[in-house]
Amino acid sequence: MKFGMRTPSLKKSIKARTTGRAKRAVKKAVIPGYGKKGVGWIKNPKKAAYNKVYKKTSFSIFDLVK
C-alpha cells in the first residue's frame with residue numbers, strides 16, 4: 001500500500017484523456033453495471049476496499065498545486 005505522494009505517469013494521463021465518449025457509451029450499452037456508482041463493491045469488494053484506502057492515504061502532485 002502506498003502512503004504519500006503518487007508518482008505521475010504521463011502515459012496513463014494521456015490514455016485517460018483520450019479514451020473517448022463513444023467508447024464509454026458503447027460499454028454502458030453493453031455492460032449493465034458500467035459507470036454506475038457502487039458497482040465495484042459488488043463485483044470485487046477486496047479491490048474496492050483497497051482503492052478506497054489508497055485514495056485516502058495518497059495524493060497527487062497536482063493536488064498540491066490546487
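**A surface patch and two pockets**

Let's start on the outside of this predicted model: Met5, Phe59, Ile61, Phe62 and Leu64 together form a nonpolar surface patch, with about 470 Å² of accessible area. Helix α5, which spans residues 61-65, gives the largest share of this patch, three residues.

One member of the patch deserves a second look. Phenylalanine 62 sits in helix α5. Is phenylalanine 62 buried or exposed? Its relative accessibility is 55%, and exposed means over 50%, so phenylalanine 62 counts as exposed.

Phe62 also takes us to the largest pocket, where it is one of the lining residues. The rest of that lining is made up of Arg6, Thr7, Pro8, Ser9, Leu10, Lys12, Ser13, Arg17 and Ser60. The space inside the largest pocket comes to about 290 Å³. Which helix gives the largest share of this lining? That is helix α1, residues 10-18, with four residues. If you like to think in terms of chemistry, the lining of the largest pocket holds three nonpolar, four polar and three charged residues.

Now turn to the second largest pocket, which has about 200 Å³ of space. Its lining consists of Lys37, Gly38, Gly40, Trp41, Lys43, Asn44, Lys47, Ala48 and Asn51. The elements that each give two or more residues to this lining are α3 (39-43) and α4 (45-57). Sorted by class, the second largest pocket is lined by two nonpolar, four polar and three charged residues.

Conventions. Residues numbered from 1 in each chain as written. Predicted model: local features only at pLDDT ≥ 70, side-chain atom pairs only at ≥ 80, totals over all residues. Heavy atoms only, no water. 1 Å grid on protein atoms, 1.4 Å probe; cavity = no way out; pocket = protein on both sides within 12 Å on 5 of 7 lines; lining within 4 Å. Points joined across faces, edges and corners; volume = space filled by probe spheres on them. Nonpolar A, V, L, I, M, F, W, Y, C, P; charged D, E, K, R; others polar. Patch = residues over 30% accessible without salt bridge, like charges linked within 9 Å, V, L, I, M, F, W, Y side chains within 5 Å. Areas by Shrake-Rupley, 256 points an atom, 1.4 Å probe, with all protein chains shown as cover. Salt bridge = Lys/Arg side-chain N within 4 Å of Asp/Glu carboxyl O. Buried < 20%, exposed > 50% of the residue type's maximum accessible area, 1.4 Å probe, protein only.
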